[in-house]
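Biologist: I am new to this structure. Please pick a single part of it and describe closely how that part sits in its surroundings.

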Amino acid sequence: MGGGRWRRVLSGVWRSVAVWAVSSVTMLVLAGALPDFQLQSDNGDSATRIAVTAAAGAGVFGLLSSLVWPLLVRALLLVPALVLGLLVFFLNGSLLLLALRINPSGQSEAAPETAVVVAAVMSAVASATGGALAVRDDDAYRRRLYRLAARRRGRSDGHRGPSSPGVVFVQLDGVGHDVLEEAVGRGLMPTVARWLGTTHRLTPWRTDWSSQTGASQLGILHGSNHDVPAFRWYEKESHEVMVCNRPSSAAELQRRAIGYTGDGGLLTVDGASRGNLFSGGADELALVLSIAARRGRENRSRSGYFAYFSDPANAVRTAMSFVAEVFREIGQSTRARLQKRRPRVGRGGLYPFVRAFATVVERDVVVAAVIGDMLAGRNAVYADLVAYDEVAHHSGPRGRDTQKVLERLDRSLALIEKVAEHAPRPYRIVVLSDHGQSPGETFLTRYGLSLGNLVRAGCGLPVPRRARGTHSGAEARAAVRAALRRPVEESGERHRPERGAEPVVLASGNLGLVSFPDVPHRMSREEIDRRHPALLSTLADHPGVGFLLVRSEEHGGLVIGAHGVEAPVGTLDDEHPGPLADFGPGAADAVRRTHTFPHAADIMVNSWYDPKEGEVLAFEEQIGSHGGLGGAQGRPFLMSPLVLSEPADDQDGLVGAEQVHRVLRGWLRECYGPQVPLPAAGSERAA
């Protein structure tokens, strides 16, 4: 055994002894501080005997944590993921009680509730001590994570990976191009700043009309977002509301995309999908919503939790960070309310827990899974970090709250970069976003009337006196409900609306959709006028509405603006935008494409947009929104290594998620050769 090998062994032994010693001292301190936890008999023991008891107890607890904890987590994989996180404290407490019971001294005991506290503190202290001792030992860090990856892939520790580079795609959900540039300029994201100054380029791209994760990520991962008109929409033939973050809808959208393109997706060749709505054809899955509705062994998405929670220190650290984030959100929302900030939306109820899941649990599990993928040498990894998007919906795209989230996301990127240095193959790290967010108060706040009630008024239907807001459809909320195995339905939202004459009104950020479920086809403008003569003018002339899209029997697609301004979509372009003038370049093409979708609503409603302030009016309860046209929501970014080819070589730049997919697939070919699309049938095992 060489000298370097001996040094590594001795370093590992030293760290283990140090952690054991600190844990023993911690147990002694807790025994003195907590009345229901003792390390001596009732008759009293010598200080030496008490110290030996503490050392033995700490050693047995550490041994049980190392041996029993991974088995417990694997046995509990079928338990809902969020429940598993909450069980962390109780499982640790049970292990401590067992350690005290089998302690050779036989003198120690603790009340069950005290054992939970002692176990949590000891795990946190042990984790902090081990981390502090290993800060400068990159070799130890690499070996520890690689052993985990090797167990999952069945590879030996000495296996050499391929010489061709792999690619890691990290999606910062909802971070717009301008927000990223501002964060770099203010020093909030030093890792990104360093990359842009040396190894990477930054390219903006333009979303489709439906500027939201469902449409963008489906196009990026599967090459097609055809017939995804919004985040949620009504399908007349099935009489169902499709919602992109409902597991059953996500699975169906993925199936349609595979059938439309004829191949399994971006990640079919030794790929991994982490924290996404869709699988991209990958075999390795964790927190993937399109398979979250499955039960039993077929649902491999939750198995990604094992990679992280099999380490009790990780579990305790994440659980404690979760609790801290809940209190942080409560404090921030209380301060915003006391300072009477405007705009502002409600942040009570379960929202603090939803935010903590997005900013702590989802981030930790996804980043750990990406690290494992890199150390296992996978060809392609695509991971979505939803923290910024969730917080920006409720705190605004440029608030202090979101700045802190951006700082933590930058640290995650730095960790991935560090791990890449120890991976068995070189890696290209690509960072991108699926959309941005546009600020502005809600439609309901400004006018005291929801879009649904405005539609009812235009139809001559009774309007409730008290308007009800529309819940946010953020990805994190769906991830939490999927983790709890609860149906991903918004409060009050109907999965199968009644087939009456009343319209179904749905909101996707600042994009609204109006459908008449009793009419089996997409209604024309003429049919709508005959049934409800005042409806279209009521909507188009409202100051909170930017424009409407309807189908005309005479003109085909027809864009309707205020004061009777109308224009067929076929006549509109960037030089002659008509009612779309305020919405910028590409708006006409985006609206024209959506008009061709089979499931476009009878009336598509885009909110008002202020091009000077960049503000929109969300039809949901969000002060940072996305889903329609107007402002930063439609301008995400793509940050790529300079060694890869330019993502766009024409003046129009990157337009649409499908074009981004073609760019990413081209980069994969550059890295490790041609991609062989898998047939749809072969890929649907992950769909």
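Modeller: What follows gives the setting of the chain and then one helix.

The model is predicted, and local features need pLDDT of at least 70, side-chain atom pairs count only at pLDDT 80 or more, while totals for chains, interfaces and linings use all residues. Residues are numbered from 1 along each chain as its sequence is written, and side-chain values use heavy atoms, with hydrogens and water left out.

The chain has 23 helices and 22 strands; both are DSSP runs numbered from the N terminus, helices being H or I with at least four residues and strands E with at least two. Of its 687 residues, 57% count as buried (under 20% relative accessible area; exposed is over 50% and partly exposed in between, with a 1.4 Å probe and protein chains only). Contact means heavy atoms within 4.5 Å. Among contacts in the chain with a separation of 6 or more, 73% come from residues 24 or more positions apart.

The part chosen is helix H17, residues 451-458. Six of its eight residues are buried, which leaves the helix mostly covered. Those buried residues are Leu451, Asn453, Leu454, Val455, Arg456 and Gly458.

The cover comes from both helices and strands: the buried residues of H17 pack against helices H16 (443-447) and H20 (535-540). They also pack against strands E12 (504-508), E13 (511-515) and E17 (603-607). Just after H17, Gly460 has a positive phi of about 80°.
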